[in-house]
Amino acid sequence: MSVLGRRGIHYFHKLNSANVPTSLIQKGQNRVIEASLTLIRERAKLKGELVRALGGAVASASLLGVPLGHNSSFLQGPAFAPPRIREAIWCGSTNPTTEEGKEVTDPRVLTDVGDVPVQEIRDCGVDDERLMKVVSESVKLVMEEDPLRPLVLGGDHSISYPVIRAVSEKLGGQVDILHLDAHPDNYNAYEGNYFSHASSFARIMEGGYARRLLQVGIRSISQEGREQCKRFGVELYEMRTFSRDREYLENLKLGEGVKGVYVSIDLDSLDPAFAPGVSHIEPGGLSFRDVLNIIHNLKGDIVGADVVEFNPQRDTVDGMTAMVAAKLVRELTAKIAK
């Protein structure tokens, strides 16, 4: 958390202890939250109207940034990731055509509704439970503007819980989840934090939002993690058996009988040779082409996705990991848009 953020939260705690009426603080928080949601609502409405006016789009990816890093157990740099990923997407060093031939400059393929103002909301003393509801509501506002579908830029992996919750609730049923990560992120409450980035998929599975959860690239898992995988019926694909599992994972067919497929990509699923700018460096991971092969060959209707855990503070000077994240965003966009 930034020094400014800590000061803001401490200030509101001091107000509470100084006998300032709770109702006064809550009214102020409500105004800030409503203003934040209004901004997302109006931007999504504008982008949705544009896409519908252009015509021909059944589904269109729409970027939503969630610059949240305080639920990280180690470093909080992922809070700074969304603008760095956007900068890399549009930096001009590569053309805007995806490998499957779609142009991300076409609004029918990709739009952007901006960021949830996480720090501004937290500066008002809003707790994580309520903040997660704001993230969920923001995702739902994007989904209300058909044919927009959320492509979320993290942020740490704690954001996947409110995003997937929103997608499932808005669609009225479960989804299948393809989760690429070095870690299963399924602790009950890592270090006592119910909303930890290491606990997001425990919350998702407890909520009943997923029918199937496939976790790919796993190579750092504790005994609790293995027990949680058994508890939730997770389909676990570890790196130590990837060569055996490759053919299956590169020909996945998901989403039939449920509301669609959600894809969550933690950049530390990649070997650090390909993505050094992450908080938790874990050697022995997927190659970039491994990830693209899995995504490109996936058969299923992708109703939402996220790219998380990019830490710009650990990236190379030339922004290598930012470019990796940007490429993943472009290729996910191509899979969503139709």
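This is a short dialogue on reading a few features of a predicted model.

User: Let's start with the overall picture. How many helices and strands are there in the protein chain?

Analyst: Start any fold by counting its elements. Here the protein chain has eleven helices and eight strands. Since the model is predicted, keep that in mind throughout.

User: What does the radius of gyration of the protein chain say next to that of a compact globule?

Analyst: The idea is to set the value beside what the chain length would suggest. With 338 residues, a compact globule would come out near 20 Å, and the protein chain has 19 Å, so the two agree. For the extents, the C-alpha trace spans about 65 × 55 × 45 Å along its principal axes.

User: And what share of the residues counts as buried?

Analyst: For the protein chain, 58% of the 338 residues are buried. You can look at contacts along the sequence too: of those with a separation of 6 or more, 79% are between residues 24 or more positions apart.

User: Now helix packing. At what angle do α2 and α5 pack, and how far apart are their axes?

Analyst: Read the angle and the axis distance together. Helix α2 (residues 22–54) and helix α5 (residues 128–144) pack at about 20°, with axes 9 Å apart. Angles under 35 degrees count as roughly parallel, and α2 and α5 are therefore roughly parallel to each other. Their crossing is right-handed.

User: Which residues meet there?

Analyst: From α2 you have Gln29, Asn30, Ile33, Leu37, Ile40, Arg41 and Ala44; across from them, α5 brings Arg130, Val134, Glu137, Ser138, Leu141 and Val142. Sorted by class, this contact has seven nonpolar, three polar and three charged residues.

User: Sticking with α5, is glutamate 129 buried, exposed or partly exposed?

Analyst: Check the relative accessible area against the cut-offs: buried is under 20% and exposed is over 50%. Glutamate 129, which sits in helix α5, has 48%, so this residue is partly exposed. Its C-alpha atom is 8.1 Å from that of phenylalanine 195, although the two are 66 residues apart along the chain.

User: One more helix, then. Is α10 mostly covered or mostly open?

Analyst: Go residue by residue and tally the buried ones. Helix α10 (residues 288–297) is mostly covered, with seven of its ten residues buried. Those are Phe288, Asp290, Val291, Leu292, Ile294, Ile295 and His296.

User: What do the buried residues of α10 pack against?

Analyst: Both strands and helices: β4 (175–180), β5 (210–218) and β7 (261–266), along with α9 (242–249) and α11 (320–336).

Definitions and conventions:
Residues numbered from 1 in each chain as written. Predicted model: local features only at pLDDT ≥ 70, side-chain atom pairs only at ≥ 80, totals over all residues. Heavy atoms only, no water. Axes fitted to C-alpha atoms, helices over the stretch in contact; angles between N-to-C directions. Helix = DSSP H or I, 4+ residues; strand = E, 2+ residues; numbered from the N terminus. Parallel < 35°, antiparallel > 145°, perpendicular 65-115°, else oblique. Left-handed = near helix turned anticlockwise from the far one by under 90°. Contact = heavy atoms within 4.5 Å. Nonpolar A, V, L, I, M, F, W, Y, C, P; charged D, E, K, R; others polar. Rg over C-alpha atoms; globule rule 2.2 N^0.38 Å. Buried < 20%, exposed > 50% of the residue type's maximum accessible area, 1.4 Å probe, protein only.
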